[in-house]
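Please work through the exercises below with the sequence and the model open beside you, and try each task before reading its solution.

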Amino acid sequence: MLDHGHDLASVRDATDRLLTAAAKLDNASAAGPSRLPGWTRGHVLAHLARNADALVNVLRGRPMYASGDARDADIERDAPRPIDVQLADLRDSAARFQETGAAPADWSRTVELRNGVTDSASMVPFRRWAEVELHHVDLGIGYELEDLPTEFSEREIDFLAERFSGHPGVTAARLTDAARAWRTGREATEPEVTVSGPAPELLGWLAGRRDGSGLTVEGGSLPALPPL
């Protein structure tokens, strides 16, 4: 069973780590490129703030974003702001998310995210945790996939392997970090390839943050993954 209270606490801790690290940025470095193509660090910070508010909408039964265009426009609008404004916005939006998450609710209910995707309300805190952790890495300010909490890395690999499970365009694969194993890709009686390597490398590949060059593939080529 998912423990949304545990995940909300993990979101808070991850947000604190990100805010502490980002507080060392100045306006020039915040305007510099992140690791996400076409996005500055300001874009990443703006996205994180607006995503917190969007997930508040989800938990309150409202549309996550008014539209895809509105989401993108809000990020572009907020990206150039001074770093102190960015951090205050991220801190305040994170507090709104925590406040909403602390309210009594039916966490077993189904909620709607973007593009018609639905999930259990109990998964929303973990989804926010993933946003904060992975985008902290995307800032390129010294926090790497190897620094992620072990629990988060294992659960995010679970989540992404399941996301690609049954996808007809993804080679049926067994993934392993030597301690654990996962299945992903199209339906098959047996995996077509085995992909092995450290958990940060597996996660980086599944999440589109690394090219898979740190992984070992047996039985064929590294499966091509669709964008997230």
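The exercises that follow concern a predicted model, and each task is followed by a solution in steps.

**Exercise 1. The open sheet**

Task: Work out in which order the four strands of the open sheet lie, and which of them are the edge strands.

Solution: Begin with the order, which reads β4-β3-β5-β6 across the open sheet, with mixed pairing. Next, look for strands that pair on one side only, and these are β4 and β6 (216–218), the edge strands. Neighbouring strands of this sheet are turned by 20° against each other on average, when direction is ignored.

**Exercise 2. The pairings of β3**

Task: Determine whether β3 runs parallel or antiparallel to β4, and then do the same for β3 and β5.

Solution: Strands of a sheet pair through backbone hydrogen bonds, in either a parallel or an antiparallel manner. In this model β3 and β4 run antiparallel and are joined by four bridges. Two of the partners can be followed residue by residue: R174 is bridged to R183 in β4, and T176 has A181 of β4 as its bridge partner. On turning to β5, one finds that β3 pairs with this strand in the parallel sense, over four bridges, and that T176 stands opposite S196 in β5.

**Exercise 3. Helices against the sheet**

Task: Identify which strands are touched by helix α7 and which strands helix α8 lies across.

Solution: Helix α7, residues 150–164, packs on the sheet and touches β3 and β4, while its direction makes about 25° with that of β4. Helix α8, residues 199–206, lies across β3, β4 and β5 (193–196), and runs at about 140° to β3.

**Exercise 4. Positive phi values in loops**

Task: Describe the backbone and the surroundings of A178 and of N115, and decide whether each residue is buried or exposed.

Solution: As background, most residues other than glycine have a negative phi. A178 is not a glycine, yet its phi is positive, at about 85°. This residue sits in the loop between β3 (173–176) and β4 (181–184), and the two strands form a hairpin with four residues between them, A178 being in the turn. Because the relative accessibility of A178 is 78% and exposed means over 50%, A178 counts as exposed. N115 likewise has a positive phi, near 55°, without being a glycine. N115 is located in the loop between β1 (110–112) and β2 (118–120), and its relative accessibility of 74% is the reason why N115 counts as exposed.

**Exercise 5. Helix α6 and the largest pocket**

Task: Check the span of helix α6 against the expected value, judge how far the helix is enclosed, and find how many residues it gives to the lining of the largest pocket.

Solution: Helix α6 covers residues 124–138, and at 1.5 Å a residue its 15 residues should span 21 Å; the end C-alpha atoms are 21 Å apart, so the two values agree. As for burial, 13 of the 15 residues of α6 are buried, and therefore the helix is largely enclosed by the rest of the structure. Just after α6 comes G140, with a positive phi of about 65°.

The last step concerns the largest pocket, which holds about 1100 Å³ of space. Its lining is made up of 34 residues, and those nearest its centre are E131, H135, R163, R209 and L228. The elements giving two or more residues to this lining are α3 (41–59), α6 and α7, and the largest share, eight residues, comes from α6.

How values were computed
Residues are numbered from 1 along each chain as its sequence is written. This is a predicted model: local features need pLDDT of at least 70, side-chain atom pairs count only at pLDDT 80 or more; totals for chains, interfaces and linings use all residues. Side-chain values use heavy atoms; hydrogens and water are left out. Buried means under 20% relative accessible area, exposed over 50%, partly exposed in between (1.4 Å probe, protein chains only). Two strands pair if DSSP finds at least two bridges between them. Axes are lines fitted to C-alpha atoms, for helices over the stretch in contact, and angles run from 0 to 180 degrees between N-to-C directions. Contact means heavy atoms within 4.5 Å. The expected span of a helix is 1.5 Å times one less than its number of residues. On a 1 Å grid over the protein atoms alone, a cavity is a set of points where a 1.4 Å probe fits but cannot get out, and a pocket is an open set with protein on both sides within 12 Å along at least five of seven lines; lining residues have an atom within 4 Å of a point. Grid points are joined across faces, edges and corners, and a volume is the space filled by probe spheres set on the points.
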